[in-house]
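Colleague: I have some questions about the terms used for this model. Please give the criterion with each answer.

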Amino acid sequence: MDLHVISIFPGMFSAITDEGVIGRAIKQNVLSLTLHNPRAYADDKHNTVDGRPYGGGPGMVMTPEPMVKVIKAARSHAKPGAKVVYMSPQGKRFDHQTAKQFAATDSLILLAGRYEGIDERVIEHHVDEEWSIGDFVLSGGELPAMVMIDAIARLLPDSLGNRESAEQDSFAQGMLDCPHYARPETFAGQKVPDVLLSGDHQAIAQWREQQAFVRTLERRPELVTEELLEKIKLTDDQLDLLAEYRKATSDNLN
Ligand code: 9D3
């Protein structure tokens, strides 16, 4: 997969290119990441990429000319059909499903804005999709782009065959993860749950699924949708728990 990132702060991306999943994917040629700086396409001696907003108000706006030039340059390097994705608080919310869809494409152009954002005419004519990573205010699109790249890169097939662990990811299943334990068996007076030491793989799988289900129900009830319930096929115990929980929450409302 080739990724093209448009940003006036290309140096920020060394945070993800040098180590970890993304660094490894790049090293194994599963992924390439190319940075494109709008400043290189500004035509004044100060390489200006921002301007004052028409209509007044605080902050600056990224001006159209260098942005359109840098987008065209990125398109010329990307594979044919690559989408231009603008990281924006006005975008749809990025999630694991979206990560999977992007991971299945072979070329992508991510546009990270600064200031108050990009001139709307650029978005209308040169951007294919807008994505947000959540309802909180950041200072630019670079961290969101890196978040998206991380979520995508770990889903790419690699030579070590990490696909299986990606499929087992909690969000891939639509549930939160179960608790995890490592040595020692007793730490600060707290013992690892017996079932995990039993060697009974079926019992362990059952316990983990039960833990994941209860946690999801308690912490993120909005994730327990009809769709999830159909997918995971609840045991009788889980059905009882769900009924009890739903009764308790509907009682709270009354
Ligand atoms: C304080 C500035 N805001 C005016 C009311 C608007 C605003 C402009 C630019 C808010 C944030 C930003 C910069 N953010 C992004 O570029 C961004 C972002 C985010 O802030 N949160 C979640 N996802 C994203 S994707 C890009």
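Colleague: What makes the backbone of Ile133 a polar contact of the ligand?

Modeller: A polar contact is a pair of N or O atoms within 3.5 Å (within protein, one must be able to donate a hydrogen and the other to accept it, and residues adjacent in sequence count only if both atoms are side-chain atoms). A backbone N or O atom of Ile133 is 3.1 Å from a nitrogen atom of the ligand, so the pair qualifies. This is a predicted model, in which local features need pLDDT of at least 70, side-chain atom pairs count only at pLDDT 80 or more, and totals for chains, interfaces and linings use all residues. Residues are numbered from 1 along each chain as its sequence is written, and side-chain values use heavy atoms, with hydrogens and water left out.

Colleague: Which atoms of Leu138 and of the ligand lie 2.8 Å apart?

Modeller: On the Leu138 side it is a backbone N or O atom, and on the ligand side an oxygen atom. In the case of Ser132, an N or O atom of the side chain lies 3.4 Å from a nitrogen atom of the ligand. Taken alone, the ligand exposes 580 Å², and the protein buries 71% of that (Shrake-Rupley method, 1.4 Å probe).

Colleague: Which elements give two or more residues to the shell around the ligand?

Modeller: They are β5 (83–93) and β7 (129–132), strands being DSSP runs of E with at least two residues and helices runs of H or I with at least four, numbered from the N terminus. The largest share, 3 residues, comes from β5.

Colleague: How many residues lie around the ligand, and which come nearest?

Modeller: There are 16, and Ile133, Gly134, Phe136, Leu138 and Gly140 come nearest; the criterion is a heavy atom within 4 Å.

Colleague: Why is the peptide bond from Arg183 to Pro184 worth a remark?

Modeller: Most peptide bonds are trans, and most residues other than glycine have a negative phi. The bond from Arg183 to Pro184 is cis, with omega near 5°, and Pro184 lies in the loop between α8 and β8 (186–187).

Colleague: What is the sign of phi at Ala188, and where is this residue?

Modeller: Phi of Ala188 is positive, near 50°. Ala188 is placed in the loop between β8 and β9 (190–191).
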